[in-house]
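Reader: Please give me a close account of how one part of this structure is put together. I would like to begin with charged side chains and then follow the argument inwards.

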Amino acid sequence: MYRVVEVGSFSFPKPDKEINEDFLLFPIHDENSNIVFAIADGVGSSYGASYASRCVIDAVRGYATKGKFSMESAILFAKQQLDVMSEHQTLYKESATTLTVIQVTDSEVVVGHIGDCRAYYKRGRKLVQLTKDHTRYQELLDTKEHSVRKLNEHKERLSSVITKALAHGVELDYDIYRFNLNELVDNKEAIITLMSDGAYEHWHKRARFAEPTMSSPAAFANSLKKRVQKCPTDDFTCLSVKIQF
């Protein structure tokens, strides 16, 4: 048997913006008592980005609570709901969003991922990334045709180009990752953290906190929030969940 024992989170718009385009799904249970939670980040260049992120999070929540949950079907349902919204509200027909969903079962952690939000798990005093960004920077990095040093000269610009997202009229393309629980559990606990790019870019500038902070989702979220608030560059969102087995 496993259960959520602690949650830490924050989600704020960039100070010069009125609307936060990030959206969270806090941990819920599907019909088999598996834990499901998620993050979405509306693509900033699209009109109605905040509506898109809210739409897909609402879709995942609804899908998880109405029947047997599968990651593939949940993401498909989110895309279908976004299409319906776009078709009925033409102002939002160009809206797009990222989506990263976590499902924790008694044997594995399943991650559904599209876009540039990230999922991590805690290992010691480090966060290990579970997902790969769908950005132009990551695409070029994967080709190994350019040196990392050369790419890093243009990292900010290339990282801002999202290569996959949920959007009306765009073919659905996403990643599914599956991890055995033994890979992620440490001392009968697992801490899984989701972040939007506005949060993790600050985390990686100095990717460490003291062990007590790293071991507490609430403390981690509070400390990272304070760091980001000193110089926010985008909407910034984090959801950290401790699960005890």
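**From salt bridges to the sheet**

Author: In this predicted model, the side chains of Lys 242 and Glu 189 meet in a salt bridge, with 3.8 Å from N to O. The pair links distant parts of the chain, since Lys 242 belongs to strand β12 (residues 236-244) and Glu 189 to strand β11 (residues 189-195), 53 residues apart. Lys 242 is buried, with a relative accessible area of 11%, while Glu 189 is partly exposed at 25%. Salt bridges with shared partners join Glu 6, Glu 189 and Lys 242 into one network.

The count of salt bridges comes to 11. One of them leads to the sheet: the side chains of Arg 178 and Glu 108 meet at 3.1 Å, N to O. Arg 178 lies in strand β10 and Glu 108 in strand β6, so this pair ties together parts that are 70 residues apart in sequence. Arg 178 is partly exposed, with a relative accessible area of 46%, and Glu 108 is partly exposed as well, at 23%.

The open sheet has 5 strands in the order β2-β3-β5-β6-β10, with antiparallel pairing. Strands β2 and β10 stand at its edges, each with a single partner strand, so one side of each has no neighbour in the sheet. Direction ignored, neighbouring strands are turned by 10° against each other on average. Helix α1 packs on this sheet, where it touches β2, β3 and β5, and its direction makes about 10° with that of β2. Helix α2 lies across β5, β6 and β10 and runs at about 25° to β6.

Strand β3 deserves particular attention. It is joined to β2 by 6 bridges, and the two run antiparallel. Between them the hairpin has 5 residues, and Ser 33 takes a positive phi near 65°. The bridge partner of His 29 in β3 is Ile 35. Strand β3 also pairs with β5, in the antiparallel sense, over 5 bridges, and Ile 35 stands opposite Val 104 in β5.

In a regular strand, side chains alternate between the two faces of the sheet. From β3, Ile 35, Phe 37, Ile 39 and Asp 41 point one way, Val 36, Ala 38 and Ala 40 point the other way, and all are buried. With 7 of its 7 residues buried, β3 is therefore largely enclosed by the rest of the structure.

The nonpolar cores come next. The largest has 28 residues, of which Val 36, Val 60, Phe 69, Leu 99 and Val 101 touch the most other members. At least two residues each are supplied by β2, β3, α1, α2, β5 and β6. The largest share, 8 residues, comes from α1. Apart from this core lies another, of 22 residues, which includes Phe 37, Ile 39, Ala 119 and Leu 239. Neighbours within four places aside, the contacts of Val 101 include Val 36, Phe 37, Val 60 and Phe 69.

Helix α2 completes the picture. Its 18 residues (71-88) should span 26 Å at 1.5 Å a residue, and its end C-alpha atoms are 26 Å apart, which agrees. Its buried residues include Met 71, Ala 74, Ile 75 and Ala 78. What covers the buried residues of α2 includes α1, β5, β6, β9 and β10.

How values were computed
Residues numbered from 1 in each chain as written. Predicted model: local features only at pLDDT ≥ 70, side-chain atom pairs only at ≥ 80, totals over all residues. Heavy atoms only, no water. Helix = DSSP H or I, 4+ residues; strand = E, 2+ residues; numbered from the N terminus. Expected span 1.5 Å × (residues − 1). Buried < 20%, exposed > 50% of the residue type's maximum accessible area, 1.4 Å probe, protein only. Contact = heavy atoms within 4.5 Å. Core = buried A, V, L, I, M, F, W, Y, C linked by side-chain atoms within 4.5 Å. Pairing = 2+ DSSP bridges. Axes fitted to C-alpha atoms, helices over the stretch in contact; angles between N-to-C directions. Salt bridge = Lys/Arg side-chain N within 4 Å of Asp/Glu carboxyl O.
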